[in-house]
Structures are given as structure tokens and as C-alpha cells.
Amino acid sequence: MPTGANKKKKYTYVWVSAIILIFGSFAVHEITKRIKGGTIVENDRMSVGMQHRPLAFIVNEGKRRKVPEFSFLDQDSVMITNKDYLGKVYVVEFFFTTCPTICPIMTKNLVEVEKTFKDHDDFGVASFTINPRYDTPSVLKKYMRKYGITDKDWHLMTGDQEAIYNLAQEGFYIFASENGDAPGGFEHSGMFALVDKNGYIRSREDEFGNPLIYYRGTITEKQGVNDEGETQQITILKEDIKKLLAE
């Protein structure tokens with residue numbers, strides 16, 4: 001017959017086993033949810049082990065790629081140049097206000113990023129329209145109000161179309177094109193670029209040590225994964241902005 005001490009040990013083992021079972025089941029449930037959402041496939045792999053690693057510089061022909069000089073009017077008809085962003089970490093995008101497909105998602109994602117860093121005077125966003133003939137400063141101002149953009153360092157810019165396209169394709173290597181067959185008459189990649197306080201284009205590296213270069217702007221954190229199996233990268237964009245702000 002078991003003694004009182006043995007009974008106590010037995011009950012202790014039972015309770016420990018029960019606790020392990022409960023928390024183990026919870027962990028499995030959470031992992032299953034994340035697998036179904038697609039986030040554990042890529043986002044976890046991109047984050048684990050990279051939290052404290054410095055972001056890579058994008059190198060072209062042996063030189064670190066820097067944002068080229070630019071000068072455009074913003075939504076307030078103020079001339080904004082690349083020098084206005086020196087000392088700030090900022091996200092770059094190319095969009096147009098009448099875009100019926102990916103631009104609204106991109107803008108909403110950037111608004112979420114803006115909210116995350118609303119207390120940082122050294123954070124900003126640079127949005128360049130690829131339809132400057134229609135997107136005048138007043139149109140950009142209305143677009144800004146529509147999406148609740150409030151950051152004083154978020155400039156929506158317009159100007160010479162050729163200069164904007166050169167900035168996109170030669171400055172950032174981000175695809176942008178006027179195409180009458182595309183929805184809205186224009187097409188672009190929907191990617192974000194990240195720039196540090198000194199004007200250098202930066203990104204984290206993938207598991208093979210190659211720079212990610214760009215961040216997907218067309219999938220929300222809530223959505224997690226799109227129909228093509230691509231995962232959202234807004235979470236890692238936020239993480240990387242924090243890193244650059246701390247440099």
C-alpha cells in the first residue's frame with residue numbers, strides 16, 4: 001500500500017503531467033494556426049536568428065547603393081528633395097491614386113507602419129506617383145486625407161513623369177510602366193524599399209546570406225499569405241525600421 005509521501009509524489013506527477021499536456025496542446029494549436037496562416041513558413045524563418053543582425057547594404061558594382069538625387073512637389077506644393085530625408089529612416093513606394101488593385105493595400109499597410117512609428121521624428125515615407133499628369137498636389141492631398149495620412153514626414157510627390165520613372169527603374173530598380181492594357185492604365189511591382197538615415201538602401205538578408213532588397217507591400221499582416229502562397233512582409237519591415245532607427 002502506498003505511503004502518504006508516495007501518494008503525494010504520485011499526485012504531484014499527475015499535476016505536472018497535466019500542466020505539460022495543457023501547455024503542449026496550446027503550443028501545438030498555436031503552431032497549427034500559424035502554419036495554416038502561412039506566417040510560420042517564411043516570416044518566422046526570416047525573423048529567427050536575425051533579430052540582432054545588422055541590415056545589409058545593397059551593393060552594385062562594388063559600391064553601396066544610395067538614393068539618387070531627386071526633386072519633386074509634394075501634396076502641399078512644397079519642393080521635396082532627397083536631402084530632406086537625410087537623418088531619417090524612410091520607406092519608398094511608387095503608386096498612383098486611381099490604382100484599382102494593389103495601391104490601396106500598399107497605402108493601408110504604410111498607414112499601419114506610420115502608426116507604429118508615430119512618435120519618431122526620424123521616420124518618414126516617400127511616395128512617388130507614376131501618373132503625375134493626373135496626380136497633381138491637390139489630388140495627392142485628397143488621397144492623403146482619404147487614407148488618414150498624418151505624418152508630416154510622409155510626402156506624396158509628383159513631377160516630371162520621365163524623372164519619376166528613371167528614379168523608380170534606375171534609382172531603385174523597382175518596376176513601373178504606363179500600360180493601357182493594365183488596370184488603371186499603369187503597372188508596378190508593389191514593393192517597398194527601405195532607406196537608412198544616410199540615404200543608403202538597406203535590407204535584411206535571407207537564410208542564404210543574400211539581401212532581401214525589397215519588402216512586399218501588397219499583403220497585410222492580418223491576411224498573412226496571399227493566393228500565390230507569398231507571405232506578408234510588413235512585420236519584418238517594421239522590425240527592420242526599428243533596427244535602422246537604433247543605428
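Here are some worked exercises on a predicted model of a protein.

**Exercise 1. Work out the overall make-up of the protein: how many helices and strands does it have, and what share of its residues counts as buried?**

Step 1. Start with the secondary structure: there are 6 helices and 13 strands.

Step 2. Now the burial. The protein has 247 residues, and 45% of them count as buried.

Step 3. Look at the outside too. About 13,400 Å² is exposed, with 56% of that coming from carbon and sulfur atoms.

Step 4. Finish with the contacts. Take those with a sequence separation of 6 or more: 72% of them join residues 24 or more positions apart.

**Exercise 2. Find the residues that UniProt marks as "binding site", and say why they can be treated as one spot.**

Step 1. Go to the record. The unreviewed UniProt entry puts the feature "binding site" at C99, C103 and H188.

Step 2. Set sequence against space. These residues span 90 residues in sequence, but no two of their C-alpha atoms are more than 10.2 Å apart, so they gather at one spot.

Step 3. Place two of them on the fold. C103 sits in helix α3, residues 103–116, while H188 belongs to strand β10, residues 186–188.

**Exercise 3. Are C103 and H188 buried or exposed, and what does each one touch?**

Step 1. Apply the cut-off: buried means under 20% relative accessible area. C103 comes in at 1%, so it counts as buried. H188 has 12%, so it counts as buried as well.

Step 2. List the contacts of C103, skipping neighbours within four places in sequence: F95, F96, Y143 and H188.

Step 3. Do the same for H188, again leaving out residues up to four places away. Its partners include C99 and C103, along with F94, F95, F96 and M106.

Step 4. Check the polar side of H188. A polar atom of its side chain lies 2.9 Å from the backbone oxygen of F94.

**Exercise 4. Describe how α3 and α6 cross, and which residues meet there.**

Step 1. Get the geometry. Helix α6 covers residues 234–246, and its axis comes within 11 Å of the axis of α3, crossing at roughly 35 degrees.

Step 2. Add the hand: the crossing is right-handed.

Step 3. Fill in the residues. From α3 come N109, E112, V113 and T116, and from α6 come I234, L237, K238 and I241.

**Exercise 5. Take N109 out of that crossing and work out which backbone oxygen its side chain reaches.**

Step 1. Locate it: N109 is in helix α3. With a relative accessible area of 3%, N109 is buried.

Step 2. Follow the side chain, which reaches the backbone oxygen of I219 at 3.2 Å.

Step 3. Look at the surroundings. Beyond residues up to four places away, N109 touches F192, G217, T218, I219, T220, E221 and I234.

**Exercise 6. Compare sequence and space for V195 and L244: how far apart are they in each?**

Step 1. Find V195, which lies in strand β11, residues 191–195. V195 is buried, at a relative accessible area of 0%.

Step 2. Read off both separations. V195 and L244 are 49 residues apart in sequence, and their C-alpha atoms are 8.6 Å apart in space.

Step 3. Check for contact. L244 is indeed among the residues V195 touches, and so are V67, K88, V89, Y90 and F172.

Note on methods
Residues numbered from 1 in each chain as written. Predicted model: local features only at pLDDT ≥ 70, side-chain atom pairs only at ≥ 80, totals over all residues. Heavy atoms only, no water. Helix = DSSP H or I, 4+ residues; strand = E, 2+ residues; numbered from the N terminus. Buried < 20%, exposed > 50% of the residue type's maximum accessible area, 1.4 Å probe, protein only. Contact = heavy atoms within 4.5 Å. Areas by Shrake-Rupley, 256 points an atom, 1.4 Å probe, with all protein chains shown as cover. UniProt positions renumbered as here; feature names shortened; annotations may be inferred. Polar contact = N/O pair within 3.5 Å; in protein donor to acceptor, adjacent residues only side chain to side chain. Axes fitted to C-alpha atoms, helices over the stretch in contact; angles between N-to-C directions. Left-handed = near helix turned anticlockwise from the far one by under 90°.
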